[in-house]
Amino acid sequence: MKLLQPTQFIKVIIVSLALIMLASCSSKPSSLSIIPESTNVVTVVDVYSLIKKGELNELEQFDLFKTFKKEIRNENKKVSRMMQNVIDDPTETGLDFTNDLLMFYVNEAKDEQYYAMALDLKNEEKFTVFIEDLLDKGGVSFDVENEKSYKYIIVNKDVAFAWDKNKVICLTSKNYESRKNFDLTINTLFGLKENNQITQNKDFTTFYNNKKDISLWFSTNLLEDNYQYKRMMRELDFDIADNYVAAHLNFENNNMSMQWKLFPNDDVKKMVEEDPILNTNFNSDLLSFLPENSLANASVSMNPMAYYNMLKSENDFDKMENKFENEMGFTLKEFIGSFKGSAVFNLIDIKEVEYTYQNYYSDTVTKTEPLPIMGLAFDISSNTYIKQIIEKLPENDLQKRSDYYEIKIDNRYDMYLAFNSNTCYFTNDKASVKAFKDGGLKSGSLLMSNQVSNFKNNAFYASMNLDFDTYPNTIKKELTKAQNSREGRVFDMWSEFASSLELKQIDNYTMQLDLKTKDNNKNSLNNMLSLIDRSYNSYMGL
């Protein structure tokens with residue numbers, strides 16, 4: 001009989017977590033009490049929510065799960081039968097699946113470094129029977145050590161399980177030195193006083209109260225032994241220790257959302273808020289120059305002089321500024337100061353464009369290739385410097401039209417530049433540049449889209465159309481021409497899943513990424529799992 005390795009035991013337990021559908025519970029888990037206040041990274045998994053949203057109580061619907069079960073059965077039939085019993089009656093594990101699964105990094109000393117996973121218990125006696133039975137059927141020798149308030153098992157000096165009446169923790173050693181100190185670390189964690197627990201950290205408590213399906217808590221202090229981090233600390237004139245990042249992944253109907261939030265220390269907060277680069281004063285009038293129907297767009301609202309002040313802190317800034325002034329005839333400060341701070345970019349289309357050029361042998365060659373059609377609009381306080389830049393362009397590459405300039409790029413492509421006293425527009429779309437003199441497009445502009453609030457309310461905003469069905473034939477042809485039949489099937493599946501992608505800079509400390517999925521009355525997690533399963537099935541030829 002083959003012996004199951006310790007990592008496979010952990011895998012079986014984790015799979016078991018995803019097989020239960022129980023009632024929800026809103027209380028904080030007891031397992032939080034074994035996480036030290038000094039812990040620098042914690043992941044919180046809302047097991048019940050994931051089971052409900054992903055419909056994980058019906059794992060038999062997924063071919064990947066069937067393959068995993070088959071691998072376990074081939075490895076150890078006793079463990080396979082036990083896993084099936086867990087699926088049939090998960091309460092026999094004694095685990096409490098109504099509370100969060102916690103994963104964290106223990107770093108008490110260089111020889112006490114462990115990756116940890118903790119979960120609450122509903123029944124200590126049942127869990128004791130479960131873990132002993134699991135190890136027995138895996139053919140592993142072990143002893144249950146009984147302490148005054150907890151029990152523990154060390155498996156092959158690599159993995160340890162420890163539990164009391166309320167919670168269980170699994171520890172895996174990070175390094176060889178830590179293998180000999182499992183018992184010391186377990187004693188430390190189960191003996192933590194309340195004032196030494198992570199719940200005493202106010203920022204962590206805020207993070208936990210706002211947790212989503214999967215949430216990550218990370219401190220820059222985790223990097224304190226990293227060489228690059230130490231080097232950065234020496235070079236910066238502000239302290240980057242004690243900064244925390246919270247990341248939340250949430251699965252909603254038709255949307256998967258990931259949000260990052262920085263909890264800055266006083267030094268970082270002062271630096272950001274004294275002279276903030278980004279703001280939410282976006283000039284929405286710029287949207288009228290760009291067409292609504294597009295493949296991707298992005299906007300930014302910033303303080304140009306704050307950006308200039310940031311550049312001044314660079315080591316080679318003086319050299320760069322002098323070179324700029326010598327070449328342009330005006331200072332970098334004057335140039336940056338002529339921008340008001342709002343800009344919007346749009347990828348309008350991709351079209352087949354024909355152009356001619358002289359090759360190496362001076363022959364005239366005509367070629368056709370796909371070219372992105374795009375536009376960039378930004379607001380200005382003066383057009384003086386734009387005029388001076390135009391005067392420096394080679395005459396052969398520049399033609400003055402009635403309302404705009406036509407510029408030849410690389411002697412192949414035509415670009416168009418239009419401006420007035422407060423706006424500048426750069427594009428290779430002739431229809432939109434011709435509308436510039438009239439104040440923009442009369443209909444079908446971004447100003448009339450349902451994205452206007454996102455442009456206005458976020459310091460930075462970007463979106464991309466992922467609905468392949470709406471793409472121009474030129475793009476469809478480029479994306480599919482190199483695919484074989486198997487890759488084509490997988491691509492079609494992903495095309496049926498995704499609708500759009502959005503990235504938002506909500507404030508100085510918060511960013512959010514949203515993956516919009518196509519509406520089929522299912523949660524995005526279940527859709528994603530089904531997609532992965534179908535893709536695997538198709539690609540592997542199952």
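**Buried charges, two helices and three asparagines**

Lys504 has a relative accessible area of 15%, which is under the 20% cut-off, and therefore counts as buried. The model in which this residue is examined is a predicted one. Where does the buried side chain of Lys504 find a partner? The side chain of Lys504 meets that of Asp514 in a salt bridge, with 3.7 Å from N to O. This pair links distant parts of the chain, since Lys504 belongs to strand β19 (residues 498-507) and Asp514 to strand β20 (residues 510-517), 10 residues apart. Asp514 is itself buried, with a relative accessibility of 2%. Elsewhere, Asp46, Asp100 and Lys211 are joined into one network by salt bridges that share partners.

These pairings belong to a wider set. Side chains of opposite charge can pair when their charged atoms come close. Across the whole structure, a search finds 14 salt bridges. One of them is formed by Asp213 and Lys53, whose side chains meet at 2.9 Å from N to O. Asp213 is in the loop between α7 and β8, whereas Lys53 is in helix α2 (residues 47-54), so the pair ties together parts that lie 160 residues apart in sequence. Asp213 is buried, at 2% relative accessible area. A further salt bridge connects Lys167 with Asp164, and here the closest N and O atoms are 2.6 Å apart. Both Lys167 and Asp164 are buried.

The loop that carries Asp213 follows helix α7, to which the account now turns. Helix α7 comprises residues 202-209, and its residues Phe204, Phe207 and Tyr208 are buried. Why do these three lie on the same side of α7? They cover an arc of only 95 degrees around the axis, which places them on the same side of the helix. In general terms, an α-helix has 3.6 residues a turn, so residues three or four places apart point the same way. The other side of α7 carries the exposed residues Lys202 and Asn209. Against what does the buried side pack? The buried residues of α7 pack against three strands, namely β1 (41-45), β8 (214-219) and β9 (244-252). At the N-terminal end of α7, Asn201 acts as a cap, with a side-chain oxygen 2.9 Å from the backbone nitrogen of Asp203.

Helix α11 (residues 317-328) can be read in a similar way. With 12 residues at 1.5 Å a residue, α11 should span 16 Å, and the distance of 16 Å between its end C-alpha atoms agrees with this. Its buried residues are Phe317, Glu321 and Met328. Viewed down the axis of α11, these residues fall within an arc of 55 degrees, so they line one face of the helix. The face turned away from that buried side bears the exposed residues Asp318, Lys319, Lys323, Asn326 and Glu327. The buried residues of α11 pack against other helices: α10 (304-312), α12 (332-337) and α13 (384-391). Just after α11 comes Gly329, which adopts a positive phi of about 90 degrees.

A positive phi also appears at residues other than glycine. Asn156, although not a glycine, has a positive phi of about 55 degrees. Asn156 is located in the loop between β5 (151-155) and β6 (159-163). With a relative accessible area of 42%, Asn156 is partly exposed. Asn254 is likewise not a glycine, and its phi is positive at about 65 degrees. Asn254 sits in the loop between β9 and β10 (255-263). Its relative accessibility of 24% makes Asn254 partly exposed.

A further asparagine, Asn243, lies in the loop between α8 (227-235) and β9. Is Asn243 buried or exposed? At 4% relative accessibility, Asn243 counts as buried. Which backbone atom lies close to a polar atom of its side chain? The backbone nitrogen of Asn265 is 2.7 Å from a polar atom of the Asn243 side chain. When its neighbours within four places in sequence are set aside, Asn243 has contacts with Phe218, Ser219, Thr220, Leu262, Phe263, Pro264, Asn265 and Val268. Asn265 thus appears both in this list of contacts and as the residue whose backbone nitrogen lies 2.7 Å from the side chain of Asn243.

Note on methods
Residues are numbered from 1 along each chain as its sequence is written. This is a predicted model: local features need pLDDT of at least 70, side-chain atom pairs count only at pLDDT 80 or more; totals for chains, interfaces and linings use all residues. Side-chain values use heavy atoms; hydrogens and water are left out. Buried means under 20% relative accessible area, exposed over 50%, partly exposed in between (1.4 Å probe, protein chains only). Helices (H or I, at least four residues) and strands (E, at least two) are DSSP runs, numbered from the N terminus. The arc is that of the directions from the helix axis to the C-beta atoms. Contact means heavy atoms within 4.5 Å. A polar contact is a pair of N or O atoms within 3.5 Å; within protein, one must be able to donate a hydrogen and the other to accept it, and residues adjacent in sequence count only if both atoms are side-chain atoms. The expected span of a helix is 1.5 Å times one less than its number of residues. A salt bridge is a side-chain nitrogen of Lys or Arg within 4 Å of a carboxyl oxygen of Asp or Glu.
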